[in-house]
Structure formats: C-alpha cells, structure tokens
Amino acid sequence: MTNSLKTLVWVIFEFVLIFVLLSMPGSDIRGTSWMSVILNLPYADKIVHMGLFGSLALSIFFHFEQYSNTSLQSTRVKALTLIVCILYGIGMEFYQKYFVPTRSCDVIDMLADAIGALLALPFFDMVKHYKQPKAKSI
C-alpha cells in the first residue's frame, strides 16, 4: 500500500471517527466512568473538539504532502483544507442539534473546532521544517 493510500485511509478514518463521536448522545459519553471524570474538567469538551479537528486537518495536510505534485502542497490547498475542516465542524454542530438526542448546536464548539484546525497549520509547518534534510555546508 502506498503512503498516499495509507494517509487517505487515515483521513477517511478521522472523518468517520469524528462523526461517530459527535453522534453519541451526551448521556452515553458521560456514563463511562473514566470519560466522565475527564469531561467534567473545565473546558475539557472544547479541548476534545480542538484535538479532533486539529488532528483531522493535520492528517489532510500530511496526505497532500505525500504527492510529488507541488500544487497539492500549495497555500491554496492548505486554506481549502482548513475551510473544509471548519465547515465540517459547523455542519456537525447542526447535525447534533437536529439528529442527536441530548446534544445541541454550540457556537463555542464551532469556534473550538475552527481553532483546532487553524492551530494544526503552524504545527504541521514546524514538523515539516524539522523533518526536511538540512543542506550540508562545504
């Protein structure tokens, strides 16, 4: 399996994982003992949202990095990736409002999703810069 196919499978997995986690009724999530302890911490829900959407954006960035076509590594593609992640977060909040019992549409969750995705970009650039081979001096 090629690296680009592996990263594509991971991106699809992340989309599905986010959908499944955000489709769980709130009572199901808080019913688990260790999970309820974590989610009762201040702002834990927002941190989870930031982590999920930051991870999604990172996986998409790494997926496009696998291709030799430099146009897939452009700023435009990264911006479109961020837009897709943010719109997915907004869409999931409305999905929760209308289709998931005991869950609601929370603007602060949308903001946490967007912040997570946006923070993924400088983190990706930092990792990419770190992994690039350094030029040897003569």
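**Notes on an all-helix predicted model**

1. Phe94 sits in helix α5. A caveat before going on: this is a predicted model, so read the numbers below in that light. With a relative accessibility of 38%, Phe94 counts as partly exposed, because that class covers what falls between buried, under 20%, and exposed, over 50%. If you leave out residues up to four places away in sequence, Phe94 touches Cys105 and Met110. There is also a pairing with Ser104 to look at: ten residues separate Phe94 and Ser104 in sequence, and their C-alpha atoms are 7.7 Å apart in space.

2. Now the overall layout. The protein chain has six helices and zero strands, so reading from the N terminus you get α-α-α-α-α-α. Of its 138 residues, 33% count as buried. For contacts in the chain with a separation of 6 or more, 75% come from residues 24 or more positions apart.

3. How do α1 and α4 pack? Helix α1 covers residues 3-23, and α4 covers residues 44-65. Their axes are 9 Å apart and meet at an angle of about 160°. That makes α1 roughly antiparallel to α4, since the class takes angles over 145 degrees. The crossing of α1 past α4 is left-handed. On the α1 side, the contact residues include Trp10, Phe15, Ile18 and Leu22, and on the α4 side they include Leu52, Phe53, Leu56, Ile60 and Phe62. By type, the residues of this contact split into twelve nonpolar, six polar and one charged.

4. His63 deserves a look of its own. The residue is in α4 and takes part in the α1 contact just described. Is His63 buried or exposed? At 7% relative accessibility, His63 counts as buried, because the cut-off for that is under 20%. Beyond residues up to four places away in sequence, the neighbours His63 touches are Ser4, Thr7, Leu8 and Val11, and these four also appear among the α1 residues of the helix contact. With Thr7 there is a polar contact too, side chain to side chain, at 2.7 Å. If you plan to assign a protonation state to His63, that pair with Thr7 is the polar contact listed here.

5. Next, α4 against α6. Helix α6 spans residues 107-131. The angle between α4 and α6 is about 40°, and the axes are 7 Å apart. That makes α4 oblique to α6, as angles under 35 degrees would be needed for roughly parallel. The crossing of α4 and α6 is right-handed. Residues in this contact divide into 16 nonpolar, three polar and six charged.

6. Asp109 is a charged residue in α6 to check by eye. With a relative accessible area of 5%, Asp109 is buried, because this value is under 20%. What does the side chain of Asp109 pair with? The partner is the side chain of His49, in a polar contact of 3.4 Å; that distance qualifies because the limit is 3.5 Å. Setting aside neighbours within four places in sequence, Asp109 is in contact with Asp45, Lys46, His49 and Glu93. His49 turns up again in the contact between α1 and α4, on the α4 side.

7. Leu111 is also in α6. At 47% relative accessibility, Leu111 counts as partly exposed, because exposed would need over 50%. Leu111 and His49 are 62 residues apart in sequence, while their C-alpha atoms are 9.1 Å apart in space.

8. Finally, two backbone spots in loops. Tyr43 lies in the loop between α3 (33-39) and α4, and its phi is near 60°, a positive value in a residue other than glycine. Thr102 lies in the loop between α5 (75-99) and α6, and there phi is near 65°, again positive in a residue other than glycine. Are these two buried or exposed? Tyr43 is exposed, with a relative accessible area of 67%, and Thr102 is exposed as well, at 61%.

Technical notes: Residues are numbered from 1 along each chain as its sequence is written. This is a predicted model: local features need pLDDT of at least 70, side-chain atom pairs count only at pLDDT 80 or more; totals for chains, interfaces and linings use all residues. Side-chain values use heavy atoms; hydrogens and water are left out. Buried means under 20% relative accessible area, exposed over 50%, partly exposed in between (1.4 Å probe, protein chains only). A polar contact is a pair of N or O atoms within 3.5 Å; within protein, one must be able to donate a hydrogen and the other to accept it, and residues adjacent in sequence count only if both atoms are side-chain atoms. Contact means heavy atoms within 4.5 Å. Axes are lines fitted to C-alpha atoms, for helices over the stretch in contact, and angles run from 0 to 180 degrees between N-to-C directions. Angles under 35 degrees count as roughly parallel, over 145 as roughly antiparallel, 65 to 115 as roughly perpendicular and the rest as oblique. A crossing is left-handed if the near helix is turned anticlockwise from the far one by less than a right angle, and right-handed if clockwise.
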